[in-house]
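Reader: I am new to reading protein models, and I would like to go through this one step by step. Could you take my questions in turn and show how each answer is reached?

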Amino acid sequence: PQGIGSPSVYHAVIVIFLEFFAWGLLTAPTLVVLHETFPKHTFLMNGLIQGVKGLLSFLSAPLIGALSDVWGRKSFLLLTVFFTCAPIPLMKISPWWYFAVISVSGVFAVTFSVVFAYVADITQEHERSMAYGLVSATFAASLVTSPAIGAYLGRAYGDSLVVVLATAIALLDICFILVAVPESLPEKMRPASWGAPISWEQADPFASLKKVGQDSIVLLICITVFLSYLPEAGQYSSFFLYLRQIMGFSSESVAAFIAVLGILSIIAQTIVLSLLMRSIGNKNTILLGLGFQILQLAWYGFGSEPWMMWAAGAVAAMSSITFPAVSALVSRTADADQQGVVQGMITGIRGLCNGLGPALYGFIFYIFHVELNELPMPESPSGGSVVAQYHLQQNSIIPGPPFLFGACSVLLALLVALFIPEHTNLTVRSSNWKKHCGSHGHPHSPQAPGEAKEPLLQDTNV
């Protein structure tokens, strides 16, 4: 068989680490190239680029997941990693093509979906929670270290070296998949599967969302997830650009901010989350996380000094407990044969938010004329960019309007979450879903359309 050794979680971990380490190196150069390429409407264009990518990923993820059930995981790991990393060398060749290819690459930018399916193939159900946790921790670790390394190399040797290094790491990832990663889909499944038809239900990205209104409790959970994750997705797409161009952070400061936020989030989602779940319960943990998210977004919206961003970042780490707590609530309250249905709904809603959130944030920045029409000048003695500080003084009383919009959205999510009962059974009518899973799935891979993209949705042991 192709590959080195038998399929293992460590193969998936290395694939994820190399891909996101390569992209993490480009954090600082990407912010500079983005502003140089779109100096007039930087935030709007950033939102549109990330929005198109997110929507394409949402539309294509179920189809790619279904095809990987038929043709095997290795070929689709290769495909997703190749197209996700394809824009990297274009950054210095042609910035316009770089951003165009990033948008289009969303069709295949679903590496996590294939990786989680790969892990599901090779692990027993009781091992899966730990395996998914290892993959997620690897993703976090790659982004904690790589932006700082990229910023240092860019300052010392220029951005061209950073792009070359990121390209080399992406090529290494592709070679690793070709040479070292064995196929995880059992051999006995593949010959029978080659002729298996792919139904529209498998490829329909809206299949899971159509079931949202069939149970009032499911509807409340899904509305909470939508209202809270929409601003979060938009924030991820634009916040580091906002720090760099509006708040006057240096490349090193942005990298340090990512590292500190990542470390604090890991602590919050492990130690703090487990303590809160035991002491105040599942629902109250969700409400507390939403409260922290409201505070964080309001702080970002009104904050006009760098130290305020750092303080709000600590609150943002605490707000990261919300989605794991929601996932635990779903896992504990849904019946065993309903888990996949509800998981697919929540994952589908998050995928939709990944497309809508960035575009919405970019549009709000555009409406409120939050732009910086000059490149940052050398830093002032106080540590911020002279141009950014001048722009901020000339701006309105609200430096970050989209963050305040996000705070209002999360406030609505908090009000909706108040009506979610602590203990209940979710009953979603899913006869077609279960029939579909029975005809196309296999014992080691419980992946249904739009499912298994979030590791925290797989097990009660958050």
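Reader: Which residues make the nonpolar surface patch of about 590 Å²?

Author: This is a predicted model, and in it a nonpolar patch of about 590 Å² lies on the surface. Helix α13 gives the largest share of that patch, with six residues. The residues that make the patch are Val260, Ile263, Leu264, Ile267, Ile271, Leu275 and Trp310.

Reader: Is Ile271 buried or exposed?

Author: Ile271 lies in helix α13, and it is also one of the residues of the nonpolar patch. Its relative accessible area is 51%, and the cut-off for the exposed class is over 50%. Because 51% passes that cut-off, Ile271 is exposed.

Reader: Which side chains meet in a salt bridge?

Author: As a general point, side chains of opposite charge can pair when their charged atoms come close. The structure holds one salt bridge, and its distance from N to O is 3.2 Å. The pair links distant parts of the chain, with one partner in helix α8 (residues 125-157) and the other in helix α13 (residues 251-279), 97 residues apart. The side chains that meet there are those of Arg155 and Glu252.

Reader: How is Glu252 classed, with a relative accessible area of 30%?

Author: Its partner Arg155 has a relative accessible area of 58%, so Arg155 is exposed. Buried would require a value under 20%, and exposed a value over 50%, with partly exposed in between. Because its value is 30%, Glu252 is partly exposed.

Reader: What distance separates the C-alpha atoms of Ala22 and Val163?

Author: Ala22 is found in helix α1 (residues 9-25), and since its relative accessible area is 0%, it counts as buried. Leaving aside neighbours within four places in sequence, Ala22 is in contact with Ile88, Ala166, Ile169 and Ala170. Although Ala22 and Val163 are 141 residues apart along the chain, their C-alpha atoms are separated by 8.8 Å.

Reader: What share of contacts between residues at least 6 apart in sequence joins residues at least 24 apart?

Author: The protein has 20 helices and zero strands, and buried residues make up 57% of its 462 residues. Among contacts between residues at least 6 apart in sequence, the share that joins residues at least 24 apart is 86%.

Reader: With which residues is Ser105 in contact, leaving aside its neighbours within four places in sequence?

Author: Ser105 lies in the loop between α6 (95-104) and α7 (111-122). Its relative accessibility is 5%, which means that this loop residue counts as buried. Once the neighbours within four places in sequence are left aside, the contacts of Ser105 are Lys53, Phe83 and Pro87.

Reader: What span should the 14 residues of helix α15 have, at 1.5 Å a residue?

Author: Helix α15 covers residues 306-319, and the expected span is 1.5 Å times one less than the number of residues. The end C-alpha atoms of the helix are 20 Å apart, which agrees with the expectation. Its buried residues include Met308, Met309 and Ala312. The span that α15 should have is therefore 20 Å.

Reader: How many disulfides does a search of the whole structure find?

Author: Cys85 is buried because its relative accessible area is 4%, and Cys353 also counts as buried, because its relative accessibility is 0%. A disulfide would require a pair of cysteine sulfur atoms within 2.5 Å. When the whole structure is searched, the number of disulfides found is zero.

Definitions and conventions. Residues are numbered from 1 along each chain as its sequence is written. This is a predicted model: local features need pLDDT of at least 70, side-chain atom pairs count only at pLDDT 80 or more; totals for chains, interfaces and linings use all residues. Side-chain values use heavy atoms; hydrogens and water are left out. Helices (H or I, at least four residues) and strands (E, at least two) are DSSP runs, numbered from the N terminus. Buried means under 20% relative accessible area, exposed over 50%, partly exposed in between (1.4 Å probe, protein chains only). Contact means heavy atoms within 4.5 Å. A salt bridge is a side-chain nitrogen of Lys or Arg within 4 Å of a carboxyl oxygen of Asp or Glu. Patches are made of residues with over 30% relative accessible area and no salt bridge: like charges are joined within 9 Å, nonpolar side chains (Val, Leu, Ile, Met, Phe, Trp, Tyr) within 5 Å. Accessible areas come from the Shrake-Rupley method with a 1.4 Å probe; for residues, only the protein chains shown count as cover.
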